[in-house]
Each structure stands twice: as structure tokens, then as C-alpha cells.
Amino acid sequence: MKIKAGTKVRSYDFEHRKDCYLEGVVEGIKEHEGCQRYVIKVNKRVWAGSEKCNDMEDYVYPPINGTPTYIGKTNGVEII
């Protein structure tokens, strides 16, 4: 299934850690900081396995899965 507007997703902060992530709904895709990125409206934050309050920014912009990086390609956003 392709990630598109309206998809519920989990965006991991670190590739090697599955206990730090944000959850939300993709509102679209846009150019941001030199590459195409998901626009995710955040509704849940988890850090080190514990849910945190939502007093941070409402949106995050992770690179689209498959975006080349210096260590490979990004793949940090999953459908939930």
C-alpha cells in the first residue's frame, strides 16, 4: 500500500530504535529542506517507550521512504 494523503502512519525518529516515534495522518507531500517529504499532522508522541504530551509542533516532515542519504535510503515511515 502506498502512503498518501489520509494515511495513518508511524514515523520513527531513529532507524535502529523502535521505541521513539510519532503517529499521525499524512496531509500531503511537499518539498522541504531540499527533498520531497511527507506532511504529517501529529497526534501521538512516544519517546523511549513512553507516551509524551503533545506540547510540541503539530506537524513533522520526514523524507519520503526511499530518499537517498549518505548511509542508504530512508525508510522510517510505516502505515499503521
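Leaving aside its neighbours within four places in sequence, which residues is Lys-73 in contact with? In this predicted model, the partners of Lys-73 are Gly-66, Thr-67 and Pro-68. Lys-73 itself belongs to strand β7. Its relative accessible area is 61%, and anything over 50% counts as exposed, so Lys-73 goes down as exposed. If you want a feel for how far apart two residues can sit here, try Lys-73 and Glu-51: they are 22 residues apart in sequence, and their C-alpha atoms are 28 Å apart in space.

Before going further, a word on how much to trust the picture. The chain averages a pLDDT of 89, and 95% of the residues score at least 70. Strand β7 (residues 72-73), where we just were, has the lowest confidence, with a mean of 80. The highest is found in strand β8 (residues 77-79), at 95. Keep in mind that where pLDDT is low, the predicted coordinates should not be read in detail.

Now move to strand β1, which runs over residues 8-14 and holds Ser-11. Is Ser-11 buried or exposed? It is buried: its relative accessible area comes to 6%, and the cut-off for buried is under 20%. Setting aside neighbours within four places in sequence, Ser-11 is in contact with Cys-20, Tyr-21 and Leu-22, and also with Ile-40, Pro-62, Gly-76 and Val-77. One of those partners, Cys-20, is buried as well, because its relative accessibility is 0%.

Speaking of cysteines, Cys-35 also falls on the buried side, with a relative accessible area of 17%. What about disulfides? A disulfide is a covalent bond between the sulfur atoms of two cysteines. Taking a pair of cysteine sulfur atoms within 2.5 Å as the test, the count is zero.

Strand β1 turns up again at the largest pocket, whose volume is about 510 Å³. In all, 21 residues line this pocket, and those nearest its centre are Tyr-12, Asp-13, Thr-74, Asn-75 and Gly-76. The elements that give two or more residues to the lining are β1, β2 (17-32), β7 and β8. Of these, β1 provides the largest share, four residues. And what is the lining made of? The residues of the lining split into 10 nonpolar, six polar and five charged.

Next, follow β2 to Glu-31, which sits in that strand. Glu-31 is partly exposed, with a relative accessible area of 48%. Glu-31 and Tyr-61 are 30 residues apart in sequence, yet the distance between their C-alpha atoms is 9.5 Å.

Two backbone details are worth a look while you have the model open. Glu-33 has a positive phi of about 55 degrees although it is not a glycine. You'll find Glu-33 in the loop between β2 and β3 (35-47), and with a relative accessible area of 66% it is exposed. Ala-48 is another residue other than glycine with a positive phi, near 50 degrees. Ala-48 lies in the loop between β3 and β4 (50-52). Its relative accessible area is 43%, so Ala-48 counts as partly exposed.

Terms used
Residues numbered from 1 in each chain as written. Predicted model: local features only at pLDDT ≥ 70, side-chain atom pairs only at ≥ 80, totals over all residues. Heavy atoms only, no water. pLDDT = per-residue confidence, 0-100. Buried < 20%, exposed > 50% of the residue type's maximum accessible area, 1.4 Å probe, protein only. Contact = heavy atoms within 4.5 Å. 1 Å grid on protein atoms, 1.4 Å probe; cavity = no way out; pocket = protein on both sides within 12 Å on 5 of 7 lines; lining within 4 Å. Points joined across faces, edges and corners; volume = space filled by probe spheres on them. Nonpolar A, V, L, I, M, F, W, Y, C, P; charged D, E, K, R; others polar.
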